[in-house]
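Let's take a walk through the strands of one chain and see which of them pair up. Keep the viewer open while you read.

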Amino acid sequence: MRAQFVLSEIGVGLRRNLTMTIAVVVSVALSLALAGASLLVRDQVNSMKGYWYDKVEVSIYFCTKSDAKTSAQCSAGAATDQQVQDVKAQLDKMTQLVQSSTFESSAEAYKRWKDTNPDNPLLAAVGADAMPQSWRVKLNDPEKYDVVQSAFAGKPGVKSVEDQRKILENLFGLLNGLQTAAFVIMVLMLFVALLLIVNTVRVSAFSRRRETGIMRLVGASNFYVQMPFIAEAAFAALLGAVMASGLLLAGHFFVQNFLAQRVQFIHFIGLSSVLTVIPLLVVLGMGMAGIAAFITLRKYLKV
Amino acid sequence: MIRFDNVSKTYPKQNRPALSDVSLEIEKGEFVFLVGSSGSGKSTFLRLCLREERPSTGAVHVLGKDLGKLSNWKVPHMRRQLGTVFQDFRLLPNKTVAQNVAFALEVIGKPKSAINKVVPEVLDLVGLGGKEDRMPGELSGGEQQRVAIARAFVNRPMLLIADEPTGNLDPQNSVGIMKLLDRINRTGTTVLMATHDQAIVDQMRKRVIELDKGLLVRDQARGVYGYQH
């Protein structure tokens, strides 16, 4: 196999078919960029889960005086110290499950609420005793929230058991939705890209049927006849993959320099994640294009 | 060199076979004309020899190989051992004479040094010395066919198959091409030539095989184009 000969054939083929080549490059670039984005969003969600789930706690809220009227659970009025201690005693027995638990009194809860909402107009109207006291429970395995929930919900004096994960799950749900959307669009774009590649190879094979006819006549091997077309498709896909990588890097720097400054509570994934995705895109793009070209040629360049 | 054993070929969706129960043998070094009107099965005969088609029944042996049993990936290798020439020359218009011949060697992976050596030799042999850098469009039909013959012969094949090589040429050029094919035949290469050219067949006095409606109707050692009716 003479490399120079094959390379010049590829060059001729791509130039002759320039508009189709551009269409292939752009559609491959978009589909691969979406594939990469969807992989990166998944990484981001996983990294955020790891980060946040370490910090989330389950809160066991106790009844306050004012809950007596609004909540059936608290008809007996505010929780007694004894009830609070009972819960603590039971928590301490669940050593397998519970990593640690801290008590937040009404006064502490009030102070924290005041600090986070300094401008709230209700501030003057609400006193410390309106805030529930609570046990903040850190679990060894945040997934085991249900156990705590069923153990304490309905206990005398306990108003509710809440999992902070619930709040985060909305965010993760949104990100997962984005990931799924990116994936669906990617599949569609990939399909379009495949059709374009098949068509490009067909046009290319047709416009060079004289050459390929002679090649078959003089006994060129199938590999030799098909290689320029496959290499052509793979090369177009490589250009697409390079473009897709550029788009992902641009997206990454946007996130680093713009979003990360403004949204500080999220820990964004780093450049290394982007760099591991890029080779994957190159392999995926070139492999896909090569296989599509090969299958097309089996039909159009018979022995 | 070529052996047909009870070969029939029926194309899909056709009632009449294109070739029916043909048996014959062509020996090494022979020069054979294949004659017959359009639709007589000449093209099918040649396509079977080139393994562009497989026989429906019977066996085709070319260069000692049973083509019906030859797997697809071995076909290119088998085709390297025979040369083919067509009525329409089948040259690449954007390559020079020398490049056209070299192309046939490049695509079977011959090294550059070997190509540079044999291409001028074969062009001299077919009488195109000095026209290496001309484009096919600048040549006469006879010269273009010489390029095609040079390309077919550059690998020194044992068998040369020609499908109406003089079909597009005037009588004078045709005679030139026939002399060239005769010379190639004298080097030991078997030549099988399908033709409509009565004058040439009558003049050459070689073996003539005639097909009619797919049947082998005549196989004559020193034949003419047709019986006088």
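**Strands and helices of chain B**

Start with one pair of residues: Asp5(B) has Ala59(B), in S4(B), as its bridge partner. Keep in mind that this is a predicted model. That pair belongs to a ladder of five bridges, where strand S1 (residues 2-9) of chain B and strand S4 (residues 57-62) of chain B run antiparallel.

S4(B) also pairs with strand S5 (residues 65-66) of chain B, again in the antiparallel sense, over two bridges. Here Val62(B) has Lys65(B) as its partner in S5(B). The hairpin of S4(B) and S5(B) leaves two residues between the strands, and Leu63(B) in this hairpin takes a positive phi near 50°.

Now move over to the open sheet of chain B, where six strands line up as S6-S7-S8-S3-S9-S10 with mixed pairing. Strand S6 (82-86) and strand S10 (215-220) of chain B each have a single partner strand, so these two stand at the edges and one side of each has no neighbour in the sheet. On average, neighbouring strands are turned by 15° against each other, direction ignored.

Within this sheet, strand S7 (residues 159-163) and strand S8 (residues 190-194) of chain B run parallel and are joined by five bridges. Leu160(B), for one, stands opposite Val191(B) in S8(B).

What packs on the sheet and touches S3, S7, S8 and S9 of chain B? That's helix H1 (residues 42-49) of chain B, whose direction makes about 150° with that of S7(B). Helix H5 (residues 141-153) of chain B packs on the sheet too, touching S6 and S7 of chain B, with its direction at about 165° to that of S6(B).

Key: Residues are numbered from 1 along each chain as its sequence is written. Chains are lettered from A and ligands numbered from 1 in the order in which they are written. This is a predicted model: local features need pLDDT of at least 70, side-chain atom pairs count only at pLDDT 80 or more; totals for chains, interfaces and linings use all residues. Two strands pair if DSSP finds at least two bridges between them. Helices (H or I, at least four residues) and strands (E, at least two) are DSSP runs, numbered from the N terminus. Axes are lines fitted to C-alpha atoms, for helices over the stretch in contact, and angles run from 0 to 180 degrees between N-to-C directions. Two residues are in contact if their C-beta atoms, placed from the backbone, lie within 7 Å.
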